[in-house]
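Colleague: Could you take me through one part of this model, a hairpin and what surrounds it? I work at the bench, so please explain your cut-offs as you go.

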Amino acid sequence: MAENGDADVPNPLNSADCVINVSGASPVCCPDPVVDNFGPFDCTVTPPIVLDVTTNDGDVSGVSSIMIVDAPTNASAVVNGFNIEYTPNATTFCNTSDSLTYKLLCGVVESATATVNISLV
């Protein structure tokens, strides 16, 4: 029995990524995102570069939003829906690589983080 008096419920899923409702409702879970590799992008592309980071993350039907955890070094990045808009700094636009990390949010549940690698030529 849990300290608050609720019954302990076996959780076959990763408990860090789920909230189990003892009322019998289905668990609320977030899939763990997968590493993304984007590019190489040509220097002539007009920023922002839209990165669809959830495409390879499995079933994202329960995902309410995404969040940038660690910003890129050579750019600014903002969340727009389920995409990240990446705008390279003018001085480091060409011939560079960059990365950022993000996580999925499913209501009160947060996923693990995943790295997004970006290449500019």
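**The hairpin and its surroundings**

Modeller: Happy to. Let's begin at the turn: Asn80 has Asn83 in β7 as its bridge partner. This is a predicted model, in which local features need pLDDT of at least 70 and side-chain atom pairs count only at pLDDT 80 or more, while totals for chains, interfaces and linings use all residues. Residues are numbered from 1 along each chain as its sequence is written, and side-chain values use heavy atoms, with hydrogens and water left out.

The hairpin of β6 and β7 has two residues between its strands, and Gly81 there takes a positive phi near 70°. Strands here are DSSP runs of E, at least two residues long, numbered from the N terminus. Six bridges hold β6 against β7, residues 83–88, and the two run antiparallel. Further along the hairpin, Ala75 stands opposite Pro88 in β7.

The hairpin belongs to an open, antiparallel sheet of three strands, ordered β4-β7-β6. Two strands count as paired if DSSP finds at least two bridges between them. Because β4 (49–51) and β6 (75–80) are at the edges with a single partner strand each, one side of each has no neighbour in the sheet. On average, neighbouring strands of this sheet are turned by 25° against each other, direction ignored. The axes behind such angles are lines fitted to C-alpha atoms, with angles from 0 to 180 degrees between N-to-C directions.

Now back to Gly81, whose C-alpha atom is separated by 6.9 Å from that of Ser65, 16 residues away along the chain. Ser65 is found in β5. Setting aside residues up to four places away in sequence, Ser65 touches Phe82, Lys103, Leu104 and Leu105; contact means heavy atoms within 4.5 Å. Ser65 counts as partly exposed because its relative accessibility is 25%. The cut-offs are under 20% relative accessible area for buried and over 50% for exposed, with partly exposed in between (1.4 Å probe, protein chains only).

Through Ser65 we reach the other sheet. Ser65 stands opposite Leu105 in β8, and five bridges join β5 to β8 (residues 96–106), an antiparallel pair. Both strands are part of an open sheet of four, in the order β3-β9-β8-β5, with mixed pairing. Its edge strands, β3 (36–41) and β5 (65–70), each pair on one side only. Here the average turn between neighbouring strands is 30°, direction ignored.

What about the interior? The largest nonpolar core has 21 residues, and those touching the most other members are Phe41, Leu51, Val53, Tyr86, Tyr102, Val116 and Ile118. Such a core is a set of buried Ala, Val, Leu, Ile, Met, Phe, Trp, Tyr and Cys residues joined through side-chain atoms within 4.5 Å. At least two core residues come from each of β3, β4, β7, β8 and β9 (109–120). The largest share, five residues, is from β9. Val116 makes contact with residues including Phe38, Leu51, Val53, Leu100 and Tyr102, again not counting residues up to four places away in sequence.

One last stop takes us beyond β7. Asn95 lies in the loop between β7 and β8, and has a positive phi of about 55° although it is not a glycine. With 66% relative accessibility, Asn95 counts as exposed. On the way into β4, the loop from β3 holds Pro48, and the peptide bond from Pro47 to Pro48 is cis, with omega near 5°.
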